[in-house]
Amino acid sequence: MNSVFSKQFSQLKNEILDIIKNFKNSGTLIGPGARNVVKFFEIDGNKYNFKSFKQHNFINRHVYKYYRKSKARRSYEYANILLSKGYYTPNPIAYIEFFDFWGLTSSYYVSEQLNNCFPLSDALFNPQFSDRENIFKAYTDLIYNLHESGIEFIDNASGNFLIKKCDGNYKFYLVDLNRINFHENFPLEKRFKNFARLTTSPEIIKIIADEYASLSGNASDFCYKKIVETTSQKARKNKIKKILKFYKYFLKK
């Protein structure tokens with residue numbers, strides 16, 4: 001086993017390791033748990049978020065022991081990088097990895113559990129959501145600033161942004177951090193591709209494109225066209241994947 005704890009939360013080490021020993025049979029599940037399992041647990045009246053990553057196949061288990069950092073470790077390290085650069089994410093507490101002779105068997109990322117927040121998906125899928133346009137403008141401001149910092153948040157999906165409203169402003173917390181790229185030079189074409197996973201809604205893309213254009217000094221029509229291109233490409237790829245999975249399912253029968 002390998003475990004790394006932040007100094008701020010090192011006193012919780014024994015309690016956290018005890019929770020992991022009984023992770024499957026305790027805690028409160030967050031989401032479906034179909035792939036990675038996320039739960040929260042209480043320690044001394046405070047809530048903490050535990051993410052257990054899906055177990056890898058035989059080859060990847062070996063890769064994640066000897067050649068690549070585990071998803072849990074990347075989540076922890078990327079959280080600290082984001083905080084150091086002034087961005088928000090739930091405070092990272094620890095990552096824990098378990099190994100056997102061949103490779104990684106399981107890994108966990110532990111962070112503080114956020115309260116009194118809502119996911120960006122609430123605004124995305126509810127046309128009647130309060131102050132919706134300003135929320136998407138604030139989201140675009142965040143993404144632009146990340147891009148200017150050379151940060152590509154690959155899992156740029158609405159469920160990976162938790163929002164708190166503070167004094168009339170929206171504070172965005174990034175979660176699901178194990179896939180982030182850091183660029184010294186982040187070209188504009190690649191920046192637009194970063195929006196591909198968010199939405200295909202023309203209305204929302206227009207809000208994002210106008211705001212990104214205002215911040216970057218580009219034409220709104222140009223930004224809109226590029227974002228639509230990337231979202232359309234992503235939608236086509238997803239459709240093809242679904243068709244292939246459909247045929248693969250029936251070929252097995």
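# Exercises on a two-domain model

In helix H7, the residues Ile204, Ile205, Ile207, Ile208, Ala209, Glu211, Tyr212 and Ala213 are buried. Keep in mind that this is a predicted model. Let's work through some exercises together.

## Exercise 1: Two helices and their lengths

Work out whether the span of helix H5 (residues 132-148) agrees with 1.5 Å a residue, then look at H7 in the same manner.

*Solution.*
- Step 1. H5 has 17 residues, and the expected span is 1.5 Å times one less than the number of residues, so H5 should span 24 Å.
- Step 2. The end C-alpha atoms of H5 are 25 Å apart, which agrees with that expectation.
- Step 3. Helix H7 (residues 202-216) has 15 residues, with an expected reach of 21 Å; from its first C-alpha to its last it covers 20 Å, which is close.
- Step 4. Now see what follows each helix. Gly150 comes just after H5 and has a positive phi of about 80°. Just after H7, Gly217 also takes a positive phi of about 80°.
- Step 5. Finally, colour the buried residues of H5 in your viewer; among them are Ile135, Phe136, Tyr139, Leu142 and Ile143.

## Exercise 2: Where two domains meet

Describe how domain 1 (2-112) and domain 2 (118-240) touch.

*Solution.*
- Step 1. Start with the distance: the C-alpha centres of the two domains are 26 Å apart.
- Step 2. Count the residues in contact: 14 from domain 1 and 15 from domain 2.
- Step 3. Turn to area. About 1,300 Å² is buried between the domains, and carbon and sulfur atoms give 68% of it. On the domain 1 side, Tyr78, Tyr87 and Tyr88 lose the most area to domain 2, together 46% of what that side buries.
- Step 4. Add the polar part: 7 residue pairs are in polar contact across the interface. Helix H3 (residues 71-84) gives the most to the side of domain 1 that touches domain 2, with 7 residues.

## Exercise 3: The salt bridge between the domains

Domain 1 and domain 2 share 1 salt bridge. Which side chains meet in the salt bridge of 2.8 Å, N to O, and are they buried or exposed?

*Solution.*
- Step 1. The partners are Asp176 and Lys51.
- Step 2. Place Lys51: this residue is in strand E4 (residues 46-52).
- Step 3. Compare each value with the cut-off. Buried means under 20% relative accessible area, so Lys51, at 12%, is buried. Asp176, at 27%, is partly exposed.
- Step 4. Look around Lys51. Beyond its neighbours within four places in sequence, its contacts include Val37, Tyr108, Tyr109 and Asn178.

## Exercise 4: Local or long-range?

The structure holds 13 salt bridges. Take Lys21 with Asp18 and Asp155 with Arg197, and find where the partners sit in the chain.

*Solution.*
- Step 1. In the Lys21 and Asp18 pair, the closest N and O atoms are 3.9 Å apart. Both residues lie in helix H1 (residues 13-21), 3 residues apart, about one turn of the helix.
- Step 2. Here is the reason that spacing matters: an α-helix has 3.6 residues a turn, so residues three or four places apart point the same way.
- Step 3. Check exposure: Lys21 is exposed at 71%, while Asp18 is partly exposed at 46%.
- Step 4. Asp155 and Arg197 meet at 2.7 Å, N to O. Asp155 lies in the loop between strands E8 and E9 and Arg197 in the loop between H6 and H7, so the pair ties together parts that are 42 residues apart in sequence.
- Step 5. Asp155 is buried at 8%, and Arg197 is partly exposed at 37%.

Conventions: Residues are numbered from 1 along each chain as its sequence is written. This is a predicted model: local features need pLDDT of at least 70, side-chain atom pairs count only at pLDDT 80 or more; totals for chains, interfaces and linings use all residues. Side-chain values use heavy atoms; hydrogens and water are left out. Helices (H or I, at least four residues) and strands (E, at least two) are DSSP runs, numbered from the N terminus. Buried means under 20% relative accessible area, exposed over 50%, partly exposed in between (1.4 Å probe, protein chains only). Domain bounds come from an automatic or database domain assignment. Buried area is the accessible area (1.4 Å probe) that two parts lose on being put together, summed over both. A salt bridge is a side-chain nitrogen of Lys or Arg within 4 Å of a carboxyl oxygen of Asp or Glu. A polar contact is a pair of N or O atoms within 3.5 Å; within protein, one must be able to donate a hydrogen and the other to accept it, and residues adjacent in sequence count only if both atoms are side-chain atoms. Contact means heavy atoms within 4.5 Å.
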